[in-house]
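Let's take a walk through a protein together. Have the model open beside you, and turn it as you read.

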Amino acid sequence: MSPKPGNESATLTRVAGRSGRWYSLRLEYDSSRTRSPWWTPILSVVLALLLCAVFIAANGMSPLVVYEKMFRGAFGTSYGFTETMVKAIPLLLCGLGIAVAYRISVWNIGAEGQLTVGAMAATAVTIYFPDLSSFWSITLMLVFGTAAGALWGLMTAVPRTHFGVNELITSLMLNYVALLALDYVVFGPWKDPKGFNFPGSPMFTAAQSLPVLGSTRLHIGLVFGLVAVLIYYLMIRFTRWGYELRLIGANPTAARYAGIHIKKHIIIVMLISGGLAGIAGMAEVSGVTHKLMQGISPGYGYTAIIVAWLAKLNPLGLIVTSILFGGLIVGGYSVQTIGLPSSISEMLQGAILFFLIAGDMVHRFRIRRSA
């Protein structure tokens, strides 16, 4: 059997069938199989848990005890669950932005930088307009944060559409530009003179802080994320724009012949993607830290890549995976009480990503039999 165009194959071995005829088993690579089965993410999580269990056991601890401690720390108490949801908010917003871009196969790995500039723009409102009412403070912080993130996304889209520059390079390098800009303002012009020489802006006032749920740290940024997911679902499923995105993602050549302006869509999705990450940055400074400081994000923008990929760009899946990874972060803090470092959660995240990539690659191979 000759392979289809675009496929690659190699003969593995020859086996005898029941009729006595000899057959060749061919390992064939099918580049057209881009969607892996629905159970691939579940299997990836299970395999990641098993792999990390080996390292935990090698450290002289019971994997079951460690995983139970992580689960209880993240979901076993009301405090742990609300903290998990707090961590899930930036993951959901950044993951949604990455999912929107990846709909048309645009790799935005600059959510970390877009979140950072969104946090900086929101903080600028508190510094240069300190006497605004609560409504106007929060509104302007949201607008400025969204606009800054969208502008940072646009700086990736324009080189891609007009000069053919790979967005992986530009979005990644812009992360470091944003982080260096953050260092400049918190060590320089925005440094709190009453902050005992620690790098950071002055503390936000109550009017500049997002409302929270009771005595917890769970803030209204969760509503921002859920509303954004709902809009994403409606736009993708029931609008012409969503149909065009799905068509571009499935077959860009067919979309181009259908008259769809692909460059325009790349710019639009990168504006949306960056804007959503900018909202995450605004929510983080206004709802959690209440000041701009060095290391405002512990890597939410990078973790959101795994969140979007694990969810397979599904709106409901994005909610589930963002909560899952929020739980991993909080659970990582919990295991410190039994002698393990919190980086156990990062090891689990890396293992999940490894098995996700491996699953997608293995899915593209088929074993065929030919006489």
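We begin at a pocket, the second largest one, whose lining is made up of Val 45, Leu 49, Tyr 67, Met 70, Phe 71, Ala 74, Phe 75, Leu 324, Gly 327, Leu 328, Leu 348 and Ile 352. A pocket here is an open set of points on a 1 Å grid over the protein atoms alone, where a 1.4 Å probe fits, with protein on both sides within 12 Å along at least five of seven lines; lining residues have an atom within 4 Å of a point. The space inside comes to about 270 Å³, counted as the space filled by probe spheres set on the points.

Before going on, a word on the source: this is a predicted model, in which local features need pLDDT of at least 70 and side-chain atom pairs count only at pLDDT 80 or more, while totals for chains, interfaces and linings use all residues. Residues are numbered from 1 along each chain as its sequence is written, and side-chain values use heavy atoms, with hydrogens and water left out.

Which helices supply the lining of this pocket? Helix H1 (40-58), helix H2 (63-75), helix H12 (315-334) and H13 each bring at least two residues, and H2 gives the most, with five. Helices are DSSP runs of H or I with at least four residues, numbered from the N terminus. The lining has 11 nonpolar residues, one polar and no charged. In this count Ala, Val, Leu, Ile, Met, Phe, Trp, Tyr, Cys and Pro are nonpolar, Asp, Glu, Lys and Arg are charged, and the others, Gly among them, are polar.

Now follow H13, which covers residues 344-363. Its buried residues (under 20% relative accessible area with a 1.4 Å probe, protein chains only; exposed means over 50%) include Leu 348, Ile 352 and Phe 355. Looking down the axis of H13, the buried residues fall within an arc of 165 degrees, so they line one face of the helix. The arc is taken from the directions from the helix axis to the C-beta atoms. Glu 346 and Phe 354, on the other side of H13, are exposed.

Helix H7 (residues 221-238) can be read in a similar way. Among its buried residues are Leu 222, Ala 228, Val 229 and Tyr 232. Down the axis of H7, the buried residues fall within an arc of 125 degrees, so they line one face. Leu 230 and Phe 238 are exposed on the face turned away from that buried side.

Finally, step back: the protein has 13 helices and three strands, and 47% of its 371 residues are buried.

Key. Expected span 1.5 Å × (residues − 1).
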